[in-house]
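Please examine the sequence and the three-dimensional model shown below. The explanation that accompanies them is set out in running paragraphs.

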Amino acid sequence: MKKKLRIIIDVLMELLLVVLFGYNIIGSFFHELIGILLSIIFIIHIVLNFSWYKSIFRGQYNLYRFIQLIINVLLLLTMLTTAISGILISKDIFKLNLGLNVFIYNLHKGLGYYALMLSSIHLGMHLIALINKIKIPNVRIIILISLIVFIGLMIFTVIDLQIYEYYIFNAGFRFYENAPIKFYFEIISYILGFISIGIYISLLIKKLMTNKKKEIQQ
């Protein structure tokens, strides 16, 4: 039950992130309000996974656990810094109004895309357990083909929206003028692409671990 609740919260955070990226569509007030809601849900996520944080320095680390640790720590840092930078450039709720500071603006937007990337990979690595339970003929082939398509759409989105400039915090003041449907389609494609990468990471790591285990047994 707790595991299902974690996945539901992961999905909910992804949906809120999708809405947040449509700043021009929802306006600054709702952007800040939803950002606060997302921060609260993220804190709940941390509380639900507190046992994981306590176990960081316990037990042995295999490749999967090590990769998972890196992604989770980076996600935690990006979410925190995105929230803090968001407060600093707040216009309506906190009214600190440092949004004209191009460095803080670029930091907020860039970290937002990194947070979306890492949270999607994080979700993908958890979804692999559900995928393994699907009992449909040739389901793995269908899923793998779908994942390749999603990754292709994600790459298109990164190029079309010039997200790569946000990755290096060099986008400046820019607002998308795309139609809402097109914009959200591309943001969802971005998410699905990185969820697919998260699933591939899980499959690859588990395959490597299985092969290594077989070698040791021989």
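The following paragraphs treat one helix, one residue within that helix, and one pocket.

The model is a predicted one. Helix α5 covers residues 102–131, and its end C-alpha atoms lie 43 Å apart; at 1.5 Å a residue, its 30 residues should span 44 Å, so the two values agree. Along its course, α5 bends by about 25 degrees at Met-125. Of the 30 residues of α5, 22 are buried, which means that the helix is largely enclosed by the rest of the structure.

The residue at the bend, Met-125, belongs to helix α5. Its relative accessibility is 4%, and because buried means under 20%, Met-125 counts as buried. Leaving aside residues up to four places away in sequence, Met-125 touches Tyr-64, Ile-67, Ile-71, Gly-198, Ile-199, Ile-201 and Ser-202. One of these contacts, Tyr-64, is 61 residues from Met-125 in sequence, while the C-alpha atoms of the two residues are 9.7 Å apart in space.

Attention now turns to empty space. Such space is revealed when a probe the size of a water molecule is rolled over the atoms. The second largest pocket has a volume of about 370 Å³. Its lining comprises 20 residues, of which Arg-6, Asn-49, Gln-68, His-122 and His-126 are the closest to the pocket centre. Helix α5 is one of the elements that give two or more residues to this lining, together with α1 (2–20), α2 (23–48), α3 (50–54) and α4 (63–88). By class, the lining of the second largest pocket consists of ten nonpolar, six polar and four charged residues.

Definitions and conventions. Residues numbered from 1 in each chain as written. Predicted model: local features only at pLDDT ≥ 70, side-chain atom pairs only at ≥ 80, totals over all residues. Heavy atoms only, no water. Helix = DSSP H or I, 4+ residues; strand = E, 2+ residues; numbered from the N terminus. Expected span 1.5 Å × (residues − 1). Bend = angle between axes of the 7 residues up to and from the residue. Buried < 20%, exposed > 50% of the residue type's maximum accessible area, 1.4 Å probe, protein only. 1 Å grid on protein atoms, 1.4 Å probe; cavity = no way out; pocket = protein on both sides within 12 Å on 5 of 7 lines; lining within 4 Å. Points joined across faces, edges and corners; volume = space filled by probe spheres on them. Nonpolar A, V, L, I, M, F, W, Y, C, P; charged D, E, K, R; others polar. Contact = heavy atoms within 4.5 Å.
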